[in-house]
Amino acid sequence: MHRAVHASFCPRASHPRPSRLSSAARLMNAVTVAAATLLLSLPIFADELVVTINNIKEAGEIHIAIYDNAAAFETDRGEKGGAAPGITEGTIEMVDPGSVTYQYELPPGTNAIGIFHDANLNNRLDNYFFGVPREQYGFGNEARGFLGPPSFDAAVFSVAGRTEIAITL
């Protein structure tokens, strides 16, 4: 004797329904899941560089450039402020006398920093005869050059996690 079993008690796997999704829609779902998995596996936060600039003597514009390669750092003489190849981060901002602090998100690695204070707002580092700067300037590691900026190696620092540096102009 057989008893009738109601259809709601049967597992759905034994009665598969035809898919209502087109093959293009199934492919799109698979791509979306793969992309989401990839994005979730990437690091969420970059490392942080905190730069404090001290001894700003007068109001003016501060120019900060962060470099990730020696060639860009060593060829930049401050002739023109603003973005340039090899500058990975930077700031141009009006400041008052005293100190200022800036924060940047950077990938881990080695960088150098160059700063100048444009007191007369002409968007460049002014120099006396023989290239001696008229305006305040500074570099990573408080590095100083002889008849020009210091080498990348003298001004370089590592960014790993939260890195704090102070530069006195």
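1. Which strand gives the largest share of the lining of the largest pocket? That would be strand 3, with six residues. Keep in mind as you read on that this is a predicted model.

2. A quick orientation to the fold: the protein chain has eight strands and three helices. Reading from the N terminus, the order is α-β-β-α-β-β-β-β-α-β-β. Of the contacts between residues at least 6 apart in sequence, 73% join residues at least 24 apart.

3. Back to the pocket, which holds about 640 Å³ of space. It is lined by 35 residues, and D76, R77, G78, L125 and F139 sit closest to its centre. Strand 3 (87–95) isn't working alone here: strand 2 (60–67), strand 5 (109–118) and strand 6 (137–139) also supply at least two lining residues each. By type, the lining splits into 19 nonpolar residues, twelve polar and four charged.

4. Now the inside. The largest nonpolar core has 19 residues, and I53, I62, I113 and I115 touch the most other members. Two or more residues apiece come from strand 1 (47–56), strand 2, strand 4 (98–106), strand 5, strand 7 (156–159) and strand 8 (162–168). A separate core of nine residues includes A65, Y67, A72 and A155.

5. I115 is worth clicking on. Leaving out residues up to four places away in sequence, I115 touches V51, I53, I62, H63, I64, Q136, Y137, G138, I167 and L169.

6. For the overall picture, 29% of the 169 residues count as buried. The chain's accessible surface is about 11400 Å², and carbon and sulfur atoms account for 59% of that.

Notes:
Residues numbered from 1 in each chain as written. Predicted model: local features only at pLDDT ≥ 70, side-chain atom pairs only at ≥ 80, totals over all residues. Heavy atoms only, no water. 1 Å grid on protein atoms, 1.4 Å probe; cavity = no way out; pocket = protein on both sides within 12 Å on 5 of 7 lines; lining within 4 Å. Points joined across faces, edges and corners; volume = space filled by probe spheres on them. Helix = DSSP H or I, 4+ residues; strand = E, 2+ residues; numbered from the N terminus. Nonpolar A, V, L, I, M, F, W, Y, C, P; charged D, E, K, R; others polar. Core = buried A, V, L, I, M, F, W, Y, C linked by side-chain atoms within 4.5 Å. Buried < 20%, exposed > 50% of the residue type's maximum accessible area, 1.4 Å probe, protein only. Contact = heavy atoms within 4.5 Å. Areas by Shrake-Rupley, 256 points an atom, 1.4 Å probe, with all protein chains shown as cover.
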